[in-house]
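User: I'm new to this one and would like a close look at a single part of it. Could you take me to one sheet, and then show me how the rest of the chain looks around it?

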Amino acid sequence: DGCGHTVLGPESGSLASINYPQTSPNSTVCEWEIRVRPGQRVQLRFGDLDIDGSDSCHSSYLRVHNGIGPNRTEIGKYCGFGFQMDGLITSKSNEVTVQFMSGIHTSGRGFLAAYSTTDKSDLITCLDNASHFSEPEFNKYCPAGCVIPFADISGTIPHGYRDSSSACMAGVHAGVVSNTLGGQINVVISKGIPYYEGSLANNVTSKVGPLSTSLFTFKTSGCYGTLGMESGVIPDSHITSSSILEWPNQTGHVNIWKPENARLKRVGPPWAAFISDEHQWLQIDLNKEKKITGIITTGSTLAEHYYYVSAYRILYSDDAQKWTVYREPGVGKDKIFQGNTELYQEVRNNFIPPIIARFFRINPVKWHQKIAMKVELLGCQFSIGRAPKITLPPPPQNKNDEKNADFMDDFIHSVKTSLQTDKTTFTPEIKNTTVTPSVTKDVALAAVLVPVLVMVFTTLILILVCAWHWRNRKKKTEGTYDLPYWDRAGWWKGMKQFFPTKSAEHEETPVRYSSSEISHLRPREVPTMLQTESAEYAQPLVGGIVGTLHQRSTFKPEEGKEASYADLDPYNSPIQEVYHAYAEPLPVTGPEYATPIIMDMSSHPSTPLGAPSISTFKAAGNQAPPLAATCNKLLSRTDSASSAQALYDIPKGQPGPGSAEQLVYQVPQSVAHPTVSKD
């Protein structure tokens, strides 16, 4: 009568004295016989040992033996308050006997221990919390039977569990390990959160918890996505049931709680069975084989209809004809899953090992008032490698060959059996966060190719746009700073920019040039630039060169009728040379801008006739250019008959208007000037 919490699994388990962690009763005894697979050995770890040792372990103790039965041998005898044993107790065989004896005492909790096979060197007990380990990430082996009523956990997936929670019990709650089988956990420690939610999962209730300095989660490979009930991936036609509840309300409208209503988090009524008995079921067709790792259920979610399923079985099939009831490995009876305790809360149960099937059926065995529920399945796509190709030998020719044929039949049968067994007996790795199930290879390939193609086309478009922009910019730059080609049509239009427009206040008379002085100019020596050290600005084109011609802008030639130019052209050169239409850029050391100056030389009596005119354009080469032309006479028309002198801008640093030798003029570049007779 001294046996407490006990779960003895094929590879691991947990055991405790009666009434643990409270004081154990007097005069009680319990004996556990532990067996593992032949060839294995047993290791034992104490999570807590608190036994009265005042009489030197005479009446109260814990004794461990090698073997079972009368031939067993003692390994050790243990007692004492708060006895600490960090190491493991290892047996010499695959059988161990643990004996607990409680005499007369006033205090002492008894003990709690865990065992496993010796290949699980990182065995811990159900009492170990994550805070007991200093590593930020660690792997441990949890024994079977860690769902114990005297341990608490706070938190849930995916947010994490409070650091004071039992690591193994939290692993069962998260669906990482099975309470019946135990298993390996991979724990990651991180910063705590202010509040921990509570939930019910895998028959473990997680409580609400306050702020903590740290929390822990479980690292898994991830097969924990939803399979399509809530999202609608599973069509309505693939959800069927044994019966449907139909009933009229007070207004006479008939309510039908159809099986397609059994979608988790779907607003409205759930699926409900017309008759509430153990023969009702809800069936889901997944369209093909899937790996199913868990299920989430709720009740009706309607306050006026307090219906829910509190316990159920799970059946699965590949053809919807032959059904298999889910059982845990090593257990000879159907597993009954804990359902809801009220109509709103979501309750999760995990399948360890997972179910590989196409058809999935829920069979309620307990309910409140009526069978009604909403469901979501958890899992991922299932893929299995191709079976190895088996080459059969030729038909037997004699008796020896017949024996070989029998051997090959047995071999083929064993291979097929092993392939089918591998599909359902491996331990799953369940992720503690919800992820979408994996998709087919075609979808994955498209998901990779589409972004790549979009990026390639976008890059090509950007390259073309940049090339076009660079080409236009280069053309613009060449048109601004390079000299144009004069062999193109319309060169005379470009030259017209050098003719000044008529002033609103003055109408200049044409300047006449001697053809004798123009004829000896070389074509490229006409343009020259005045080099004056004291000049602050480059000298402008002189107004009044050809005053009788219509005034034109020096920057942009006008388009229009040009007959007047032909009639009034004062130049009659037999040789039409080609010259540049625009002035060359200003010298580097010269001023930036040219100031237009309109000069009327007729008002300067001191200016002698025949003063030479100097071109402001730079001649070819570095030598000074020859005189371009001689001004025979300047005529002026003014609004006033007064002989007063007009005011003119004089180049900076030059003498007054009386120095005719210093006056500067711009000469049109394109033609040699013939002699014009004086009016």
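Analyst: Let's start with a word we'll need: a residue is called buried when its relative accessible area is under 20%, exposed when that value is over 50%, and partly exposed in between. By that yardstick, 43% of the 679 residues in the protein chain are buried. Keep in mind that this is a predicted model.

Now to the sheet. Five strands make up an open sheet, and they line up in the order β1-β2-β9-β4-β7 with antiparallel pairing. At its edges sit β1, covering 3-8, and β7, covering 89-90, each of which pairs on one side only. Start at the β1 end: its partner there is β2, residues 12-17, and four bridges hold the two in an antiparallel arrangement. If you want one spot to look at, find C3, which stands opposite S17 in β2.

Move along the sheet to β4, the strand of residues 42-50, and pick out D48. D48 has a relative accessibility of 13%, so it counts as buried. What does the side chain of D48 meet there? It makes a polar contact of 2.9 Å with the side chain of R109. R109 has company, too: once neighbours within four places in sequence are set aside, D48 is in contact with Y20, R109, G110, F111, L112 and L127. As a rule for strands, side chains in a regular one alternate between the two faces of the sheet.

There's another antiparallel pair to visit after that. Strands β5 (residues 61-66) and β6 (residues 73-78) are joined by five bridges, and V64 has G76 in β6 as its bridge partner. The hairpin they form has six residues between the strands, and in it G67 takes a positive phi near 85 degrees.

A glycine with a positive phi also turns up beside a helix. G175, just after α1, has a phi of about 85 degrees. The helix itself, residues 167-174, has eight of its eight residues buried, so the rest of the structure largely encloses it. Among those buried residues are C168, M169, V172 and H173.

For a contrast, try F457 in helix α3, which spans residues 441-481. Its relative accessibility is 53%, so F457 counts as exposed. F457 belongs to a nonpolar surface patch with V448, L449, V452, L453, V456, L460 and I463, and together they have about 740 Å² of accessible area. Why might residues spaced along a helix end up on one side? An α-helix has 3.6 residues a turn, so residues three or four places apart point the same way.

One more strand residue falls between buried and exposed. E246 sits in β19, residues 245-248, and its relative accessible area of 45% makes it partly exposed. Not counting residues up to four places away in sequence, E246 touches V254, N255, I256 and F274. It is also 8.9 Å from A272, C-alpha to C-alpha, although their positions lie 26 residues apart in sequence numbering.

Stepping back, the protein chain has six helices and 30 strands. Among its contacts with a separation of 6 or more, 79% link residues 24 or more positions apart. As for the outside, the chain exposes about 36,900 Å², with carbon and sulfur atoms supplying 54% of that area.

Definitions and conventions. Residues numbered from 1 in each chain as written. Predicted model: local features only at pLDDT ≥ 70, side-chain atom pairs only at ≥ 80, totals over all residues. Heavy atoms only, no water. Pairing = 2+ DSSP bridges. Buried < 20%, exposed > 50% of the residue type's maximum accessible area, 1.4 Å probe, protein only. Polar contact = N/O pair within 3.5 Å; in protein donor to acceptor, adjacent residues only side chain to side chain. Contact = heavy atoms within 4.5 Å. Areas by Shrake-Rupley, 256 points an atom, 1.4 Å probe, with all protein chains shown as cover. Patch = residues over 30% accessible without salt bridge, like charges linked within 9 Å, V, L, I, M, F, W, Y side chains within 5 Å. Salt bridge = Lys/Arg side-chain N within 4 Å of Asp/Glu carboxyl O.
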